[in-house]
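Let's take a walk through this model together, strand by strand. Please keep the sequence and the 3D view open as you read.

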Amino acid sequence: MTHADSAQLGIGMIGYAFMGMAHSQGWRNAKSFFDPKLEPRLVALSGRDRAKAEDTARRFDWQHVETDWHALIARDDVDLVDICTPGDTHAEIAIAALAAGKHVLCEKPLANSVAEAERMAEAAERARADGVQTMVGFTYRRVPALALARRLVRSGRIGRLRHVRAQYLQDWLTDPGAPYSWRLDAQRAGSGALGDIGAHVIDLTQFLTDEYITGVSATMDTFVDERPLPEGEGTGRVTVDDAAVFLGRFSGGAMATFEATRYATGRKNAIRIELNGTEGSLAFDFEDMNTLWFFDSSTSTETQGFTRILATEPTHPYLGAWWPPGHLLGYEHGFSHQAVDLLTAIADGTAAEPTFAEGLRVQRVIAAVQASAAADSRWVPVGDTES
Ligand code: SOE
């Protein structure tokens, strides 16, 4: 099929900043590099600040700008609502969009609380009966090396899982003079490092292993309580965690350690995951995102060792649509893969993963970590908390 004869899907996006730009690029390149069964049309972008929304719209060729998300959802030419706003708005927007019969892609974490995520997952399930799809933006699932890791785990190449080691390390708050932002306000962001970046490794490890985290023991800290406001004078109060560390157990019995921090000096966006199984191991670091390390116990001990797989072959997930082997992919490509997978699921009527139900599961792990940290690291089974 060529673009000329493929059906179209009208996209309406809410939010124009970092994530809004990443998603815009994702939709555009999905169309240019893949042949999705539905061609995305960048119909309308919504943002309260008209000038900023218009700027992003102009850069990425969005056809219309709205300043009220209700008006965006009401548009007949919008079939899918893409939510790229802070967490405190996700539930209201997503539930309204689903009620209007629109497919929804929602940035992570799904919500700011388990209660909100439950309402969203219920709305998604009702909508699914009418063929409406939902997806949570856990984009890193679509990094080819990680999608390949899942394939290897599923085909039994590392055997029975014993250990999961997962870290998401950034350092943009190390300087106490770094300005205050909505990400440091619990009302808007829900939580700090835990929900913003810890959520990614919670989702990724469950995705890679096809198992769930069943219980946790956690500790969290906020290292700097006040930060200068970006505009004007005064400071803003930091009401979220700067770092979260926890132990976990997976449903198959594997032991796990997790760390999410914005204070790992020198680490910019290090998503480090290692899985150890009875037959082998896999290791990944997003700061070298085209590489997957694989140790295979079945090979001769004489030459055994971690093998570097450069995940850029056409046989690797998503790579067939891009460049020749060795021509590396970057951060933005995952957003195109996410867009293509969602378009395919809508066209085929299959579940668009991760669904809101999976987003709710991550939210329950986040709540369990918070409950454990608040109770001197007591072991908290996942699902035991309703905050
Ligand atoms: C900020 O910490 C952030 O942009 C996260 O919100 C994203 O989810 C992550 O991909 C990169 O870091």
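## A hairpin to start with

Leu275 stands opposite Leu282, a residue of β14. This is a predicted model, and the pair is a handy place to enter it. Strand β14 covers residues 280-285 and pairs with β13 in the antiparallel sense, over 5 bridges. The link between β13 and β14 is a hairpin of 2 residues.

Strand β13 itself spans residues 270-277, and its side chains alternate. Which of them are buried? Ile271, Ile273, Leu275 and Gly277 point to one face and are buried, while Ala270, Arg272, Glu274 and Asn276 point to the other face and are not. This fits a general pattern: in a regular strand, side chains alternate between the two faces of the sheet.

## The mixed sheet

How many strands does the open sheet around β13 and β14 hold, and in what order? There are 9, arranged as β16-β15-β14-β13-β7-β12-β11-β8-β17, with mixed pairing. The edge strands are β16 (307-310) and β17 (380-381), each of which pairs on one side only.

Moving from β14 towards β16, we meet strand β15 (residues 291-296), which runs antiparallel to β14 and is joined to it by 4 bridges. Ser281 has Phe295 of β15 as its bridge partner. Here too there is a hairpin, with 5 residues between β14 and β15. Then β15 and β16 pair in the antiparallel sense over 4 bridges, with Trp293 opposite Arg308 in β16.

Going the other way from β13, strand β7 (residues 161-169) is antiparallel to β13, and 8 bridges join the two. Leu161 has Gly277 of β13 as its bridge partner, and Gly277 is one of the buried residues of that strand. With strand β12 (residues 255-261), β7 pairs in the parallel sense over 7 bridges; in this pairing, Arg165 is partnered by Thr257 of β12.

A helix belongs in this picture as well. Helix α8 (residues 193-209) lies across β7, β8 (213-221), β11 (243-250), β12 and β13, and runs at about 150° to β7.

## The parallel sheet

There is also an open sheet of 6 strands, in the order β3-β2-β1-β4-β5-β6, whose pairing is parallel. Its edges are β3 (64-66) and β6 (134-136); each has a single partner strand, so one side of each is left without a neighbour in the sheet. On average, neighbouring strands here are turned by 25° against each other, direction ignored. Helix α2 (residues 50-60) packs on the sheet, where it touches β2 (38-46) and β3, and its direction makes about 155° with that of β2.

At the β6 edge, strand β5 (residues 103-106) pairs with β6 in the parallel sense over 3 bridges. Cys106 has Val136 of β6 as its bridge partner. Helix α9 lies across β1 (7-14), β2, β5 and β6, at about 115° to β2.

## Asp341 in helix α9

Helix α9 covers residues 333-348, and Asp341 lies in it. Is Asp341 buried or exposed? It counts as buried, because it has 20 C-beta neighbours inside 10 Å.

Leaving aside neighbours within four places in sequence, Asp341 is in contact with Arg142 and Ala352. Asp341 and Ala30 are 311 residues apart in sequence, yet their C-alpha atoms are 9.5 Å apart in space.

## Around the ligand

Which residues are around the ligand? They are Phe18, Gln170, Asp196, Ile197 and Asn269. By class, this shell divides into 2 nonpolar, 2 polar and 1 charged.

## What the record adds

In an unreviewed entry, UniProt lists residues 10-128 as "domain: Gfo/Idh/MocA-like oxidoreductase N-terminal". In the model, this span is 49% helix and 21% strand, and its end C-alpha atoms are 19 Å apart.

The unreviewed UniProt entry also lists residues 148-282 under "domain: GFO/IDH/MocA-like oxidoreductase". Residues 148-282 are 21% helix and 37% strand, with the end C-alpha atoms 10 Å apart.

Notes. Residues numbered from 1 in each chain as written. Predicted model: local features only at pLDDT ≥ 70, side-chain atom pairs only at ≥ 80, totals over all residues. Near = placed C-beta within 6 Å. Nonpolar A, V, L, I, M, F, W, Y, C, P; charged D, E, K, R; others polar. UniProt positions renumbered as here; feature names shortened; annotations may be inferred. Buried ≥ 20, exposed ≤ 12 C-beta atoms within 10 Å, placed from the backbone. Pairing = 2+ DSSP bridges. Contact = placed C-beta atoms within 7 Å. Axes fitted to C-alpha atoms, helices over the stretch in contact; angles between N-to-C directions.
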